[in-house]
2 protein chains.
Amino acid sequence: MTRIFDDPAEFADDQLAGFLDLYADRVRGVHGGVVAHRGDGDPQVAVVIGGGSGHYPAFCGTVGPGMAHGAVVGNIFTSPSAAQAHSVGKAADQGRGVIFSFGNYAGDTINFGIAAERLRADGTDARVVIVTDDVASAEQESQRRGIAGDFTVFKVMGAAAARGADIDEVERLGRAANAATRSLGVAFTGCTMPGESEPLFSVPDGHLGLGLGIHGEPGIRDVPMLPARELAELLVDDVLKHAPTAAPGRAGVILNGLGTTKYEELFLLWRHVAPRLRDAGITIVDPEVGELVTSLDMGGCSLTLMWLDDELEPLWRADAYTPAYRKTAAPLAALREPTADELAEADAVVTAPEATDAARGLAGTVRAALAAVETTLREHEHELGRIDAVAGDGDHGRGMLKGITAATARVGELGDDVGGGWALAQAGQAWAERAGGTSGVLWGAALEAFGRRLGDSADGYPAAEVAAGVREFATTIQQLGGAQEGDKTLLDALLPFVAELESRVGDGAALAGAWTAAAGVATARAQDTAELRPKVGRARPLAERSVGTPDAGAVSMGLVVTAVAEVLTSQEEQE
Amino acid sequence: MTRIFDDPAEFADDQLAGFLDLYADRVRGVHGGVVAHRGDGDPQVAVVIGGGSGHYPAFCGTVGPGMAHGAVVGNIFTSPSAAQAHSVGKAADQGRGVIFSFGNYAGDTINFGIAAERLRADGTDARVVIVTDDVASAEQESQRRGIAGDFTVFKVMGAAAARGADIDEVERLGRAANAATRSLGVAFTGCTMPGESEPLFSVPDGHLGLGLGIHGEPGIRDVPMLPARELAELLVDDVLKHAPTAAPGRAGVILNGLGTTKYEELFLLWRHVAPRLRDAGITIVDPEVGELVTSLDMGGCSLTLMWLDDELEPLWRADAYTPAYRKTAAPLAALREPTADELAEADAVVTAPEATDAARGLAGTVRAALAAVETTLREHEHELGRIDAVAGDGDHGRGMLKGITAATARVGELGDDVGGGWALAQAGQAWAERAGGTSGVLWGAALEAFGRRLGDSADGYPAAEVAAGVREFATTIQQLGGAQEGDKTLLDALLPFVAELESRVGDGAALAGAWTAAAGVATARAQDTAELRPKVGRARPLAERSVGTPDAGAVSMGLVVTAVAEVLTSQEEQE
């Protein structure tokens with residue numbers, strides 16, 4: 001819906017006033033429209049484009065060096081008057097004549113035709129080049145409407161004029177561009193005029209209007225909405241079916257958005273359009289994907305090809321500098337694709353450091369611990385989900401399982417000679433990439449920090465070193481997550497765990513016993529998070545939370561350290 | 001609604017694939033995102049931007065010379081992982097360090113923070129510059145979210161890096177740009193994720209969400225929708241209220257569209273924003289109005305100011321060349337505003353030719369005839385409307401009256417010494433400009449052609465000359481309108497009128513008598529159009545049309561020539 005306006009009847013004039021203010025450094029307003037500032041270079045044939053408003057950047061958005069010299073601005077979806085066109089043509093004339101160019105609509109044809117006659121009566125040579133690219137609008141080429149092919153025709157004439165061609169030549173090239181241009185559009189929704197609450201026309205829900213005109217003119221038929229791949233096939237195949245005879249193998253291509261169909265959707269569509277064109281033997285030259293001819297807030301898109309011969313191609317590729325369309329070869333010419341060496345360097349995988357025997361031994365413990373944690377989390381996935389659903393979105397069990405599964409898989413891919421520090425760091429990276437969510441990022445980063453702290457160069461990993469690694473794990477979560485103990489997060493289980501571990505290890509206890517005792521503390525504290533208190537970062541009202549349900553993150557922390565305790569105890573017994 | 005996709009879960013990757021195909025001449029895909037091709041110039045500090053997808057041109061659309069060196073591309077509205085950011089940072093690094101920059105959201109802060117740490121662990125200097133421009137999101141500046149101010153901060157850092165600044169300097173300037181940037185946004189509608197039929201969030205009908213975040217984060221309050229002028233006041237005043245202390249008097253300004261709010265609406269808003277900023281003493285520097293940071297198909301806009309000191313201004317103004325944002329000073333530098341002489345020449349009014357006595361006498365007849373026609377059409381306005389409503393849109397009477405009123409007014413403004421040819425031509429131009437519709441254009445052009453045919457240099461206007469002028473009038477309508485006699489248009493009254501007039505004048509009759517007889521024929525033939533036949537260019541089904549209702553255009557033609565007949569008869573009697 002069109003929502004920003006003052007008096008809807010003055011929309012076209014009001015938006016033009018804003019445009020003229022914004023681009024005062026390059027255009028000026030004249031009666032009826034806009035004329036580009038000119039330089040002190042040789043005079044050019046003036047290409048004057050136009051039509052109704054509501055199609056920006058058509059028409060005033062493409063006035064400037066290398067494209068149009070002026071634009072006539074009508075009311076919304078309404079042809080400008082002959083007087084407007086005459087006025088803009090007169091102001092744009094540089095003494096070498098004026099070519100009016102516009103899409104083939106009855107009102108425009110009449111008014112620009114009259115304006116051209118008046119200019120001739122004034123003694124100024126004036127021509128008319130009408131754009132007829134829409135293959136859906138009529139069988140006979142000359143009867144077709146003009147849609148996004150406006151752009152290719154204007155571009156060719158603007159470039160020809162900028163190169164100093166005379167009016168006969170610019171007109172001839174414009175007609176050649178039009179003869180080489182074909183478009184097909186689809187509409188998903190209609191558009192709404194300023195001040196109206198109902199759309200001007202509409203497309204049945206879940207359908208697309210094939211060939212529907214940019215003012216709602218009848219199309220070919222309504223089709224149930226298609227996946228992007230099939231939509232691309234429909235557009236490409238139908239445009240190619242209407243190719244000019246003896247079309248060359250190269251084409252300028254436009255994938256044009258009509259208003260509310262966004263860039264990212266158009267890129268996604270382009271992903272299918274481009275290979276299908278190439279499969280048809282077409283070399284795509286300087287494609288444009290974006291909004292070039294719109295229709296207020298209409299949803300939809302169109303595909304345009306201008307087949308390029310040796311004459312049209314350089315004009316299509318030439319520089320242009322307008323408010324909405326800017327193309328300058330120089331900055332790109334200075335770039336180059338990276339060399340193979342540069343690519344190899346950038347993509348080089350950081351390899352594992354050489355590991356001591358002790359570090360390789362530690363890796364065995366890490367593998368066993370990760371396997372045990374995976375088993376535990378798999379067993380408790382649904383329970384964790386149920387707990388999480390009370391205060392959160394219920395995906396905690398699923399997220400933890402995704403993380404640990406990715407971690408064990410990554411460690412499984414490592415060779416036998418890596419150390420435990422490297423294995424933990426890799427496990428953390430894999431966890432963060434796959435688990436998703438803030439909790440996945442925190443677990444992953446904490447494991448990685450743990451592994452980096454341990455490293456793989458030590459000759460032994462005494463309990464105090466492991467405790468220091470666990471402290472690094474906890475500190476990482478505190479720093480990245482920003483929560484404090486008591487906030488009812490996993491920290492409420494983790495921090496008491498670390499404190500207990502450090503305390504017992506400091507008192508000289510062996511690792512397995514100290515860890516087991518600390519795990520008992522973690523499990524108990526996890527249950528304490530069940531007190532009814534707000535949870536940091538949760539939007540859900542307190543009233544919806546049950547008294548007595550602990551925090552899922554704290555519970556899973558308890559489960560993890562308990563599973564690891566069993567591994568450590570079992571290993572100590574074996575030694 | 002987002003409509004173009006294949007598997008909605010793959011939307012972000014799929015659109016990126018299309019983007020990479022489209023811009024393969026300037027960027028390459030790496031794990032996690034996009035890196036710009038570089039030239040053989042001196043290595044630069046790499047500015048790596050990013051965040052979730054759905055905000056194009058943020059983020060990959062602003063990668064290129066003069067702006068970012070890489071972009072990390074997350075899932076829709078989801079932070080990229082630390083591994084993605086690390087990968088893009090590594091690939092973008094040119095040996096002078098990496099600065100990650102992004103809007104202030106928890107996931108991005110964590111993941112880019114981890115990536116920076118990993119880069120440092122790899123031996124690459126890495127920094128983080130967080131954008132916090134959204135004044136609606138928090139009182140404390142460092143807590144604010146990042147919205148369109150992303151663009152100003154990225155721009156400044158990209159320009160600084162391109163000039164060879166070191167990483168400390170680029171970081172310092174980025175922080176200075178963020179400290180100088182303030183934004184406020186409004187939302188009219190929510191946005192819909194690919195594959196969903198319901199929007200992710202919504203704004204109450206007829207309201208705007210003031211300060212609503214680009215992912216639907218809570219804003220300040222909902223406000224009933226405002227006219228453009230008041231919306232501009234709201235945005236400008238609130239952004240200025242939050243200006244940095246001791247802000248300079250110059251600012252870069254962005255009026256950003258969120259997705260479905262279109263260029264023309266933004267221009268219309270700019271028309272009010274710009275003068276209000278100037279009234280507040282701000283010099284606007286290189287403003288940008290368009291889509292720079294979007295949110296899928298969200299409706300709404302935001303205003304951003306970056307206050308410019310001597311250090312920031314040249315960086316804001318510097319050239320840049322990216323897929324979505326291109327700025328090159330050279331083409332504009334070659335332009336200049338027209339001189340006073342050139343303007344005078346372009347705006348020169350074509351003045352009336354010198355008129356003979358006979359031509360001045362003819363002008364009296366023209367004035368009298370136009371006045372009589374206006375009287376007749378005013379009397380018959382509603383009747384013509386009723387007739388037209390049977391087969392058309394019922395505005396024929398209104399349109400004719402608007403045309404003749406404009407024509408008589410224009411002729412009334414002409415001096416007493418103009419000739420009748422000039423007066424008729426001027427009447428025609430005024431009619432075409434004001435009456436609207438195809439019929440208005442045809443009447444206007446025909447009157448103008450009539451006047452040009454008569455001219456103002458003759459020593460007399462014998463009946464044969466007048467008849468030739470009327471023939472010109474009819475031919476103009478035939479040529480421009482493309483209809484034939486029998487198509488049930490005004491031609492069915494006009495062509496028999498001209499034939500009768502020519503015949504009687506050819507037989508030697510005086511003008512008044514011949515005209516009166518011909519007018520009788522026209523009136524009769526107008527009634528003959530009542531036969532039930534399809535009317536050219538009418539979409540309304542035949543069944544809806546009443547048998548026995550004539551064409552309104554033919555009827556009004558009969559009325560006009562009859563009114564003129566009375567004037568001619570009265571004048572002949574007086575002579």
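**Questions on a predicted two-chain model**

Q: In what order do the six strands of the open sheet in chain A stand?
A: In this predicted model, six strands of chain A form an open sheet with mixed pairing. Strand 1 (27-30) and strand 6 (126-131) of chain A stand at its edges, each with a single partner strand, so one side of each is left without a neighbour in the sheet. The twist averages 25° from one strand to the next. The order of the strands is 1-2-4-3-5-6.

Q: Which residue stands opposite A:Val27 in strand 2 of chain A?
A: Strand 1 of chain A pairs with strand 2 (residues 33-36) of chain A over four bridges. The sense of this pairing is antiparallel. Opposite A:Val27 in strand 2 of chain A stands A:Ala36.

Q: At about what angle does helix 5 of chain A run to strand 6 of chain A?
A: Helix 5 of chain A comprises residues 167-179. This helix lies across strand 3 (46-53), strand 5 (98-103) and strand 6 of chain A. Its angle to strand 6 of chain A is about 10°.

Q: Is A:Gln15 buried or exposed?
A: A:Gln15 is found in helix 1 (residues 11-22) of chain A. Leaving aside neighbours within four places in sequence, its contacts include A:Ser53 and A:Val73, and from the other chain B:Glu264, B:Phe267 and B:Leu268. The relative accessible area of A:Gln15 is 2%, and a residue under 20% counts as buried. A:Gln15 is therefore buried.

Q: How far apart are the C-alpha atoms of A:Gln15 and A:Ser53?
A: A:Gln15 is in contact with A:Ser53. Along the chain these two residues are 38 residues apart. Their C-alpha atoms are separated by 9.2 Å.

Q: What is the relation between chain A and chain B?
A: A turn of 180° with a shift of 0.0 Å along the axis lays chain A on chain B with an RMSD of 0.2 Å. In chain A, the C-alpha nearest the axis belongs to A:Thr260, 2.5 Å from it. The same surface serves both copies, since 99% of the contact residues of chain A recur in chain B. The relation is that of a two-fold axis.

Q: Which strands of chain B stand at the edges of the sheet 9-8-7-12-10-11?
A: Six strands of chain B form this open sheet, with mixed pairing. Neighbouring strands are turned by 20° against each other on average, direction ignored. Two strands each have a single partner strand, so one side of each is left without a neighbour in the sheet. They are strand 9 (221-224) and strand 11 (283-290).

Q: How many of the nine residues of strand 7 of chain B are buried?
A: Strand 7 (residues 181-189) of chain B is joined to strand 12 of chain B by eight bridges, and the two run antiparallel. Strand 7 also pairs with strand 8 (residues 207-210) of chain B, in the antiparallel sense over two bridges. Strand 7 is largely enclosed by the rest of the structure, because its buried residues number eight.

Q: What handedness has the β-α-β unit of chain A?
A: Strand 10 (residues 250-257) and strand 11 of chain A pair in the parallel sense over six bridges, with A:Ile254 opposite A:Glu288. Six of the eight residues of strand 11 (residues 283-290) of chain A are buried. Together with helix 7 (residues 263-279) of chain A, these two strands make a unit that is right-handed.

Q: Which residue follows A:Tyr56 across a cis peptide bond?
A: Most residues other than glycine have a negative phi, and most peptide bonds are trans. The bond that starts from A:Tyr56 is cis, with omega near 10°. The residue it leads to is found in the loop between strand 3 and strand 4 (70-76) of chain A. That residue is A:Pro57.

Q: Is B:Ala246, with its positive phi, buried or exposed?
A: Phi of B:Ala246 is near 55°, a positive value in a residue other than glycine. B:Ala246 lies in the loop between helix 6 (228-241) and strand 10 of chain B. Its relative accessibility is 81%, and over 50% counts as exposed. B:Ala246 is therefore exposed.

Conventions. Residues numbered from 1 in each chain as written. Chains lettered and ligands numbered in written order. Predicted model: local features only at pLDDT ≥ 70, side-chain atom pairs only at ≥ 80, totals over all residues. Heavy atoms only, no water. Least-squares fit on C-alpha atoms with pLDDT ≥ 70 in both. Contact = heavy atoms within 4.5 Å. Pairing = 2+ DSSP bridges. Axes fitted to C-alpha atoms, helices over the stretch in contact; angles between N-to-C directions. Buried < 20%, exposed > 50% of the residue type's maximum accessible area, 1.4 Å probe, protein only. Right-handed = clockwise from strand over helix to strand, strands pointing away.
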